[in-house]
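Me: I'd like a close look at one part of this protein, and I'd be glad if you could walk me through it at an easy pace. Here is what I have in front of me.

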Amino acid sequence: MNATKSYPIVLTIAGSDSSGGAGIQADLKTFSALGVYGATAITAITAQNTRGVRAQLAIDPLMVRQQIEAVFEDLHPSVVKIGMLSNGEIVRTVAELLRNYSLPVILDPVIVSSSGHRLLSVEAQELLKEQLLPMATLLTPNIPEMEALSGMPLSTPEQKLEAARLLMACGARALLLKGGHEEGELKSDLLFRMEGGELKSERFASPTIPTKNIHGTGCTLSSAIAAFLARGLELSAAVAEAKRFISEAILSGADVHIGEGYGPVNHGFNPLKMMIHVTE
């Protein structure tokens, strides 16, 4: 009997970034750099550059549905990463389809761009909590996103713990609070999980890198976690490796000039070979 070779496949459901630093483009660069195969379902098109988002256009929910169905029917991804969903109809469509599958889902709740442009309607934000959080293996909000979803400030460790408890009560199995918006010499991400009926946190810290080239860091981190899960790592190890990857990607591109605003990270600083599974 001939052996069958295949790649680990990750499906990203997200918006397109015309500047190439975030969204679908960052997801695919991350998947390639980490040796997994990326498939896509595009939810929106944005006109943006390193200075900010100029405009966005949501894709028809039927087309979003057809993209997801086409990928699942033929490629059979092992992990799904969800990014920008734009509106409530798309949130409903994605949730309805994913209920048919049992696989890890990394939910990156893209709500507002770093330049202040809202990328998810208020109605869709509530639907995301109601319909997609219960499917999330891992929710990966930054501090402004966590504040928007929880409806509370995150000024103290106690508030962060309570906000995590609130969102995980909506169904998410784990939550990674990204600390990139905080000041200081270290950037710390907190992984919250239930252990023995108690909410525990694990800290992942790295030195703050002085650079403006941080466009797409959230997309890249969540995609890296999805890639490492597809490569077979358990969640905590996947988060640790993804944190290392994004830190090195920022450092490797810190002094590169791309655009006049917030430039991209260097996804290709040390790409891995494509991982190949062999089955008899």
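Which residues are linked in a network of salt bridges? Please take a close look at the salt bridges and tell me what surrounds them.

Reply: Happy to help, and one reminder before we start: this is a predicted model. The network you ask about links R65, E69 and E96 through salt bridges. A search of the whole structure finds 11 salt bridges, so let me take you through some others, since a salt bridge here is a side-chain nitrogen of Lys or Arg within 4 Å of a carboxyl oxygen of Asp or Glu.

Let's begin in the interior. K81 and D27 meet through their side chains in a salt bridge, with a distance of 3.0 Å from N to O. This pair ties together distant parts of the chain: K81 sits in strand β5 (residues 79-82), while D27 belongs to helix α1 (residues 23-33), and the two are 54 residues apart. Both K81 and D27 are buried.

Now to helix α8, which covers residues 235-252. Here R244 makes a salt bridge with E241, and their closest N and O atoms lie 3.1 Å apart. R244 and E241 are three residues apart in this helix, so about one helical turn separates them. R244 has a relative accessible area of 34% and is therefore partly exposed. E241 is also partly exposed, at 29% relative accessibility.

One further pair is K200 and E198, joined by a salt bridge whose closest N and O atoms are 3.7 Å apart. K200 counts as partly exposed because its relative accessibility is 34%. For E198 the value is 46%, so this residue counts as partly exposed too.

Stepping back, here is the setting for these pairs. The chain's secondary structure comes to eight helices and 11 strands. Its radius of gyration is 18 Å, close to the 19 Å that the globule rule gives for 280 residues, so the chain is as compact as a globular protein of that length. The C-alpha trace spans about 60 × 40 × 40 Å along its principal axes. Of the 280 residues, 51% are buried. Among contacts with a separation of 6 or more, 70% are between residues 24 or more positions apart.

As for the charges overall, the chain has 23 positive and 29 negative ones, and their mean positions are 3 Å apart. On the outside, the chain exposes about 12,700 Å², with carbon and sulfur atoms supplying 53% of that area.

How values were computed: Residues numbered from 1 in each chain as written. Predicted model: local features only at pLDDT ≥ 70, side-chain atom pairs only at ≥ 80, totals over all residues. Heavy atoms only, no water. Helix = DSSP H or I, 4+ residues; strand = E, 2+ residues; numbered from the N terminus. Rg over C-alpha atoms; globule rule 2.2 N^0.38 Å. Buried < 20%, exposed > 50% of the residue type's maximum accessible area, 1.4 Å probe, protein only. Contact = heavy atoms within 4.5 Å. Areas by Shrake-Rupley, 256 points an atom, 1.4 Å probe, with all protein chains shown as cover. Lys, Arg positive; Asp, Glu negative; His and termini not counted. Charge placed at Lys NZ, Arg CZ, Asp CG, Glu CD.
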